[in-house]
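Here is a short briefing to keep beside you while you look through the model. Take it in whatever order suits your bench notes.

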Amino acid sequence: MSMEKAVKLIAKVNYVVVFTGAGVSAESGIPTFRGKDGLWKRFRVEDLATPQASARNPRLVWEWYKWRMRIVFQAKPNSAHLAIARLEKEGVVKAVITQNVDGLHQAAGSMNVIELHGSIRRARCTACDFKLEFQEVPLENLPRCPKCRSLLRPDVVWFGETLSLDAWRRAVGEAMRCDCMIVVGTSGVVCPAAYIPLLSKERGALIIEVNVKQSALTSVADVFLKGRAGEILPAVARAILDERCLST
Ligand code: NAD
Ligand code: ZN
């Protein structure tokens with residue numbers, strides 16, 4: 001019933017934006033942070049994903065990131081990423097705002113992707129403006145900048161760091177503009193990212209949430225679709241595209 005309701009509502013809107021978290025990539029084999037099998041059950045955030053941790057023990061931090069990069073480089077976009085990309089191609093979805101660092105939305109064919117937390121597939125120099133796009137996991141223990149020989153670091157946003165102003169501005173712009181936001185696979189507790197759906201809600205947008213369980217954002221959702229992203233999103237996409245065919 002709520003799937004039908006969601007589709008009927010989405011058919012009436014003009015500008016859909018998708019907001020994703022680690023749950024959208026769970027079925028690609030990439031562990032989430034929180035939850036039963038989440039990474040934070042096995043690791044301590046303050047040892048691995050903070051600027052202080054990197055200053056204290058860059059080797060350990062790079063080891064952890066290289067392990068995660070190995071998982072990401074082997075992963076393939078799943079049916080949720082593909083359905084979102086298809087909806088963009090068909091003109092329904094205008095942008096994807098993601099908290100993920102895995103690049104799987106782009107791999108699925110999404111074009112307008114805003115990465116709020118950077119990308120694990122990139123590194124940047126800790127001293128100059130050099131950035132490097134990895135095609136595979138680097139071999140060096142401590143990757144260095146080819147321009148100035150300073151240490152490189154993963155081009156991601158660590159806890160306690162500010163987001164890229166450009167990514168944040170673009171995300172806020174899309175959040176204010178959309179009349180429907182589909183929120184997928186996020187616990188909604190990482191700020192300021194979690195404010196994005198709240199901004200859209202405040203502006204009157206319809207909020208549709210897809211998650212295997214309730215999140216901190218469920219209270220603002222107009223429709224909650226409980227289930228795996230890889231099952232729900234292809235069904236939603238199919239129904240929206242069918243509905244559009246019928247109405248044209
Ligand atoms: P999170 O780990 O806090 O929460 C994951 C959410 O996904 C939970 O609400 C869970 O119920 C839901 N979920 C799990 N499997 C699902 C499925 N198959 N279908 C639908 N929902 C599912 O993740 P978050 O909210 O994105 O916040 C954590 C931070 O972790 C982000 O800032 C992100 O940068 C980082 N992160 C990224 C990746 C990645 O790039 N793939 C992986 C882990 C963590
Ligand atoms: Zn440099």
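Cys125 counts as buried, because its relative accessibility of 4% falls under the 20% cut-off. Cys128, at 26% relative accessibility, counts as partly exposed, since that value lies between the 20% and 50% limits. Do keep in mind that this is a predicted model. Both cysteines belong to the set that coordinates the zinc ion (ligand 2), so that site makes a good place to start.

**The zinc site**

- The zinc ion (ligand 2) is held by the SG atoms of Cys125, Cys128, Cys145 and Cys148, at 2.3 Å.
- Along the chain, these donors follow the spacing C-x2-C-x16-C-x2-C.
- The angles subtended by the four donor atoms run from 100 to 121 degrees, which makes the arrangement tetrahedral.
- For reference, the ideal angle for four tetrahedral donors is 109.5 degrees.

**Where ligand 1 sits**

- Ligand 1 lies between two domains, because both give residues to the shell around it.
- Domain 1 is made up of 1–29 + 77–117 + 163–248, and domain 2 of 31–74 + 119–156.
- In total, 27 residues surround ligand 1, and the closest are Arg34, Gln99, His117, Thr186 and Ser187.
- Sorted by class, that shell holds 13 polar, nine nonpolar and five charged residues.

**Polar contacts and burial of ligand 1**

- The side chain of Asp102 places an N or O atom 2.7 Å from a nitrogen atom of ligand 1.
- Asn211 has a polar side-chain atom 2.7 Å from an oxygen atom of ligand 1.
- With Gly185 it is the backbone that takes part: one of its polar atoms is 3.2 Å from an oxygen atom of ligand 1.
- Taken alone, ligand 1 exposes 860 Å², and the protein buries 93% of that area.

Key
Residues numbered from 1 in each chain as written. Chains lettered and ligands numbered in written order. Predicted model: local features only at pLDDT ≥ 70, side-chain atom pairs only at ≥ 80, totals over all residues. Heavy atoms only, no water. Near = heavy atom within 4 Å. Polar contact = N/O pair within 3.5 Å; in protein donor to acceptor, adjacent residues only side chain to side chain. Areas by Shrake-Rupley, 256 points an atom, 1.4 Å probe, with all protein chains shown as cover. Nonpolar A, V, L, I, M, F, W, Y, C, P; charged D, E, K, R; others polar. Domains from an automatic or database assignment. Donors = N, O, S within 2.8 Å, 3.2 Å for Na, K, Ca; no water. Tetrahedral: all angles 85-135°; square planar, octahedral: opposite > 155°, others 65-115°. Buried < 20%, exposed > 50% of the residue type's maximum accessible area, 1.4 Å probe, protein only.
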